[in-house]
Amino acid sequence: MLCLVTAYRQPSSRALSELGLDENAHLAVADLSLAEITALVSAGGGDGDKWSEAVQRASAWGHPQLVQAIISGLRTRGWPQVERKGLLSFSPSADLEAERRAARGRVFSMLAGETGRLLYRISILLGRFDRRLALSVGAIEQPVAEPGTHLDQLIGPWVEVAVRGDLRVSPLIQNAGSEILPPAEAKRVHEIAAQHILGGPAVDIHKANFGFVHALLGQQEWLLTRLAYNIIAASPDRRRQLSEWMGSLRHHRLDQKIYSDGRAGVPILLRLAQFLLISTGGEPKAIRGCWSTLQIELAELEDAQAREHFEYMMLAKALFSQEALACLHDPVGLMLRFEALSQIDPEWRATLQQRTPSTDGRTHSILGTFFITYALRIPSVPDLQRAFDSLDTATPAQRAALLGDVSDMPGDAGYIVNHAWLEESKREPADWPAHLKAYARMAEQANSWGYRDLALRCHVARGIILDEYLKDADTALQALDQAEALLGNDPALDRARAKIFFRRKDHEAALRLFRSNAGEMDRQDRAARSYMLREAGICAAELSQWAEAREWFAAAREAAGSALSPSVKLMAVGLRADEALAAFKAGDVIAALRGLDVALNELASIDPATSIVAGYRHRVVRHSILWLFGQATATPVQVGDESTMMVPGMCSNPEPADLSDLPLGSIDYARYLLVQAEIASGVSAGIEEGLRIHLKGRAIPNMEMLVRGTRMEVLLRRLDAPSYIAALPSWVDCQIYMDLNRDSIWQSGPEKPVYGEIPSATSRQLKSERAILAADDALLSFGIMAALRNRTDALDALSAEEKNLMPGYSGSKIFEIVAAGVSDEEELPFYVAVQVYYVAQHVDLTPDELFVASVRFAQWAKKSSLQKVLTPVIEGWARLRWSHVIEEQRFNLRSPASSVPPIRAVLESSETGLKFLGKLIVAAEPAVHHRFDRSFRQFLLSL
């Protein structure tokens, strides 16, 4: 028989022991989760997905008893949809109220006297409370004797233990005391609670909302005043936290005063506090609505002096609130009003005259700071026009106060003008013709005030609108010419013209302007200057002026590196890569490799997942390295179905696409690609030397194999016998490793590299077929290259290096045959070695000798791991020699009239590589005295 025992409290260890149970027999039933409520709703015949959230909200977030009551009622009524909206908005539920009435009935019958009175008092406490507050509530008039004892009786059935030792009333009897206690006693409970939460030296953010409501209900004016002042004086970060928790004040209705009993200034302070809490959300409609109510309530204040004091405070807080400033109707008018109010009081006037130092070494006036702050957040062109109209009605002195900081640094005028059209560009559709007229009017206004630079920036904005949004570059250039006629020439106009030329890809015209005026363009704005210099670099690159492009990109990188914006600093990493690519195109391979290596170092500390820009920089810099690797090693490289390509300025794109859906290879893989590029280029840039340091002493075997292969290919091209023989053992070792570790090599990829080391081959491994083939391949490939290039000196050097070949490694027979040209062995490597000797020793070959050499060299190229280097050389040699044969040695050919045309056709075809060699040999067979069977012919045609 299964027996379930329920209890309000967790049984003590002693109780469990007396029952003969261990602690595993106890199961705590917490509030029901959303998934559990969904299951219960479904079991009750309702749509779990649709109703679960509503039931959770109405049941005090999953109180089991309330969940059961609500589901039972809804099931009885057939789950009416009209009730769902009410539950979601926390409207009282009839089922919930019925359950609470039943609970209050049980309190009456079970808790008589002081325990019940304490529970009723506690029931009107909001949210979580501590034990000290509960005891204080018990000690008010008509005190409860020994309240702690009675409280302990309540904990479990009616009072729940919450987090951090706090308590909370069971949702079943929440606020029951408001219907039982006399109004005076209930008010006294609210007073005590408000004093406990808000009266201390610091306010707990998590309980501030409950303290506010208790203070309202308890009519604690001094606590409400204190709370309002605390919110008004709070730092932006703390006010943002308060806003998240103080929903009762933030959402308080606007059609009635927050507090109407007592002094007239208290409601204004509370409304201002509400305004500042709302402002943290940045919702324009809510901000404007609260500000309008605040102004109405201020106007109702009869005391003129107090009204001016409160208005000054309101304006100061609103104008310093970056979130609120851009949402108000006429911020410039508010600034002018603030300036007028500041003249009333000497202390206010002194504050107005203060100047604040900034990071750029300048100082700013308060009014100037207000205006620039607003200008950087103006939400639309009509708002900017409204600001200009307000400035137009101001006195020259007032305009000077607002625009003085802009006049000190003319480049800052761009900040005032540009933000509005940038915001408009994010909207669809934007009324660009209307905005064009607005900027023309603003330019006239600014010029009439004597603010030439401000007028210039308005004209530049018109050029941008015409070019970028109305797609009329010619009219844009005419507008800039008209501005120059009105205001005189200026670097800002040339910068705007250069941008138009750049956008329509007239790189020559744009570069001409950059060259003549770059020193004066965007001098104050480091970010804008980096963009301008980058565009100049792109123009130079598009004109194949790579050395100049490199200089422009370097200058752009320096400007971006000193900018304040993190995104612009990140662009500096991309500019370094662009500079490196330009250096490569200009012929400075060392600078290119070092630049890309530094770019990888800079990217290593940046998480690619932090932003679209970061992810883009990581991926495109790696792509650039892959492209350079392909160029340096002459390796065709593809990403997906497309070949890698390099576009000038691609690494530093200031508005990059989101590439987060594309794979991101390991930085260590990219470093190996740079090492291969360094080896292939034959330079010493320090990349390979620093590789193990970057990899923290580790290695990636499959990339090590590629590095060793690249080194062998480079040395083979150079016919550097001493270095070639020195590198041969490590090459053989990696071929053996590849045979023995194909699974781990297959698992290792760019995104998840497998680290390890390639060990030196053992003596037993060196006797394997794979080891012998690898050594023979290396030696024969060298021999073929030397013979076809008529480099007998290289063959002699190779023979001289036999003594330096590391003991245990194969190759002695190949050395012997290449030196003597004689072999009795009937295996392909030895046939090829004989041909190496013969071709090297004979300048002229008969068609039959050429045919045999062509066959053997093509066979070996097909088999060789160094095929990429070997095949083009064999192809070039074969083309030259067979062209000579059909032109100069026709008399040595069989049936030249019929045999030469097929050979000529292959030579003139577009075929290349092994495929060309196979077809050429098959075409030449009828012209010589050698024959091969059908299977060998098919082999040749399949190459």
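**Figure 1. Arginines sit over aromatic rings in this predicted model.** Arg698 lies over the face of Tyr755. The distance to the ring centre is 3.7 Å. A second view shows Arg879 over the face of Phe916. Here the distance to the ring centre is 3.9 Å.

**Figure 2. Tyr724 and Phe782 form an aromatic pair.** The structure holds 15 aromatic pairs. One of them joins Tyr724 and Phe782, with ring centres 5.1 Å apart. Their planes stand at 45°, an angle between the 30 degrees limit for stacked and the 60 degrees limit for edge-to-face, so the pair counts as tilted. The two rings come from distant parts of the chain, 58 residues apart. Tyr724 belongs to helix 39 (residues 721–740). Phe782 belongs to helix 41 (residues 769–788). Are these two residues buried or exposed? Both Tyr724 and Phe782 are buried.

**Figure 3. Ala794 is buried in helix 42.** The helix covers residues 792–800. Ala794 has a relative accessibility of 2%. Buried means under 20%, so Ala794 qualifies. Which residues does Ala794 touch, leaving aside those up to four places away in sequence? They are Leu719, Ala721, Phe782 and Ala786. Phe782 is also part of the tilted pair with Tyr724. Arg718 is 76 residues from Ala794 along the chain, yet their C-alpha atoms are separated by 9.6 Å.

**Figure 4. Five aromatic residues form one cluster.** The members are Tyr312, Phe320, Phe338, Trp348 and Phe370.

**Figure 5. Helix 28 and helix 29 run roughly antiparallel.** Two packed helices are described by the angle between their axes and the distance between the axes. Helix 28 spans residues 473–487, and helix 29 spans residues 491–503. Their axes come within 10 Å. They cross at roughly 170°. Angles over 145 degrees count as roughly antiparallel, so helix 28 and helix 29 fit that label. Where do they meet? Helix 28 contributes Ala473, Ala476, Leu477, Leu480, Asp481, Ala483 and Glu484. Helix 29 contributes Leu493, Ala496, Arg497, Ile500 and Phe501.

**Figure 6. Cys458 and Cys539 are buried cysteines.** A disulfide is a covalent bond between the sulfur atoms of two cysteines. How many disulfides does a search of the whole structure find? The search finds zero. Cys539 is in no disulfide. The nearest cysteine sulfur belongs to Cys651, 17 Å away. A disulfide needs sulfur atoms within 2.5 Å. Cys539 has a relative accessible area of 0%. Cys458 also has a relative accessible area of 0%.

Methods
Residues numbered from 1 in each chain as written. Predicted model: local features only at pLDDT ≥ 70, side-chain atom pairs only at ≥ 80, totals over all residues. Heavy atoms only, no water. Helix = DSSP H or I, 4+ residues; strand = E, 2+ residues; numbered from the N terminus. Buried < 20%, exposed > 50% of the residue type's maximum accessible area, 1.4 Å probe, protein only. Contact = heavy atoms within 4.5 Å. Phe/Tyr/Trp six-rings, centres within 6.5 Å; stacked < 30°, edge-to-face > 60°. Lys NZ or Arg CZ within 6 Å of the ring centre and 35° of its normal. Axes fitted to C-alpha atoms, helices over the stretch in contact; angles between N-to-C directions. Parallel < 35°, antiparallel > 145°, perpendicular 65-115°, else oblique.
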